[in-house]
Amino acid sequence: MAPGRRTAAFERKAPLLEAKEVQVTIGGEEILESASLDLRRGELLAIVGPNGAGKSTFARAFCGLRRPQGGEVRWMGVPLTELRGRKLAGVRAYVPQRAQVPTGVTVQAAVNIGRSTHLKPLQGLSGEDREAVRESIARARLEGFEDRDLSTLSGGEMQRVQIAVALAQGAPVLVADEPTAQLDLGATAAISKMLRELVSGGMGVVLIVHDLALAAAIADRVVVMSHGRTIATGTPEAVLTGQLISEVWGVQAELVHREGRSALHVEWLDQHQT
Amino acid sequence: MLLALVAAACASLAYGAVHIPLGEVIDTLLGQKVPEASRQIIEVLRLPRTVEAIVVGAALGVAGACLQGALNNPLASPDVIGVTAGAGFGAMLVLLFSPASVALLPISALAFGLIAAAMVFLIGFTGRGGGNITRIILAGIAIAALFSAATAGLLSAYPDRVPNAVFFLVGGLTSSDGWDTLETIWPYLAVGFVIAAFMIRPLDRLMLGDDVAASLGSRPRLIRLTAAFAAALLASAAAAIAGLLAFLGLVIPHLVRLLGGTRNHTFVIPVSALAGAALLTAADTVARTIAAPIEMPVGPFLVVLGVPLFLWLLRKAV
């Protein structure tokens, strides 16, 4: 996944992404007070936190989908404010939480649209672009689905199409907002494996995720958010302690994680109430 | 679709109050020697009208396709951004208020069509939450209501001049204006078509959702505004030439999507241009031959031809 010719100004040694004290105000209300993270090459970073903690807002802000009111974001050393259009599309791909599923669009056509960032206006796909599209479809395990209409796909298949569209962009970083939120166990595992493969291939992945057990199993590091702030960053074992879970989610729980298997042992009902 | 357009164009040139053999039509176009009367009829009367039908049909087809893509709403047509009502008012202002300056009609229709669209964009796109689709559509409906009311006011103030206005309001092409109208209006059409061509890819991105478009480095709000602006230019220019034929803008993109089985704008926008041109040219040929020598306005014929085709496809699709 070479960054390509348009990334000359980027620093090779800088972290893929650095966000410092990012602040977002929506309609006079401070949704994001101060959020920071950094992403290295070949790393899967999970952002976890309760509903309304500001995870999606943070991701949208550092991806350039929403203008932050304060703080600093750099992609490979270049300030986000200097990145626009094709250049921005060349550093990160963003996979939204809910896909818009138009009828009358095939998987192939959708992934072709993802590749369009490499084209000049009115220019068609080159042989190289077609190859990149084919590879994106293969990496998202969508071979054989090329001619299917998007409206006929299952939730898991549609999520893989979203990822294929993002991969076709050819950016070194993939940011995905809850890609497994509405998926069953098998589809969740399939997406998780796919994301790990991308990381093994050298990409950086930022994953917003609710499921702490899943985050612990697949992430290299986790960032915990609460009330519009990032409050802890580190390996899942170091950060997702019973005490932190109790403080942030208000639930007594213990994370069990060994040999690639993980589970969250939760005290669902307070003992004295039952 | 291209074949249908060529056939419709040939028929449009050959048929009319005087029937001219197809061979003579082709010879005239190629500059060969033909009887002087036929040449006169084709060059002075029919060719401008056929060309008008083609560009107006293409403009409305593209305008509808752009708007439906930009607003992600299958009900969008030049009506919803106020263009039709604005152009109608502009035309009535000239026809009813100062019928002597009828030459100004196309310019007035164009200007008021664009003014109405500008008002809709101003309300719909600016301020906090600007660019919200529901807001654009509601602003469009309100502005359209405003201009329709003004038009109704003019119509009731000058009841004796209303018959002149009917032709414009139902939409129709005429042979009497020769190339004049086209000569004034073509730059607006050209700009509209060029912008629309550049919006094909952005609209494709928007089809996958605002967030995907943003991930691909586009700005959804800017895409909406630019595509809607192209549609406003095309629809206003079309109204300036042929009156109010908004039905074409609504139906053509649907016809094209149903026939092609795809929503990709790479297909929908160019084919909408061809289909709009073909349908309007065919309908206009029917309109001026069916009760010859009386020429009927094309608007109702368009609906008569278009609705059954549309309904048939609609049933077949589901």
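Hi everyone, here is a short tour of strand pairing in chain A, the make-up of chain B, and two backbone angles in chain A.

A word on the source: this is a predicted model, where local features need pLDDT of at least 70, side-chain atom pairs count only at pLDDT 80 or more, and totals for chains, interfaces and linings use all residues. Residues are numbered from 1 along each chain as its sequence is written, while chains are lettered from A and ligands numbered from 1 in the order in which they are written.

Let's start with β1 of chain A, residues 17-26. Helices and strands here are DSSP runs numbered from the N terminus (helices are H or I with at least four residues, strands are E with at least two), and two strands pair if DSSP finds at least two bridges between them. On one front, β1(A) runs antiparallel to β2(A), residues 29-39, with seven bridges joining them. Within that pairing, Ala19(A) sits opposite Leu37(A). The two strands make a hairpin with two residues between them, and Gly27(A) in the turn shows a positive phi of about 55 degrees.

β1(A) also pairs with β4(A), residues 70-75, again in the antiparallel sense, over five bridges. There, Leu17(A) has Trp75(A) as its bridge partner.

Now to the backbone angles. Most residues other than glycine have a negative phi. Which phi does Met76(A) have? Its value is positive, near 50 degrees. Met76(A) belongs to the loop between β4 and β5 (78-79) of chain A. Is Met76(A) buried or exposed? Met76(A) counts as buried because it has 22 C-beta neighbours inside 10 Å. The cut-offs, with C-beta atoms placed from the backbone, are 20 or more others within 10 Å for buried, 12 or fewer for exposed, and partly exposed in between.

Glu178(A) also has a positive phi, near 50 degrees. Glu178(A) lies in the loop between β7 (173-177) and α6 (185-200) of chain A, and with 21 C-beta neighbours inside 10 Å, Glu178(A) counts as buried.

Over to chain B, which has 13 helices and zero strands. Its radius of gyration is 20 Å, close to the 20 Å from the globule rule for 318 residues, so chain B is as compact as a globular protein of that length. That radius is taken over C-alpha atoms, and the rule is 2.2 Å times the number of residues to the power 0.38. The C-alpha atoms of chain B fill a box of roughly 65 × 45 × 35 Å along the principal axes, and 54% of its 318 residues count as buried.
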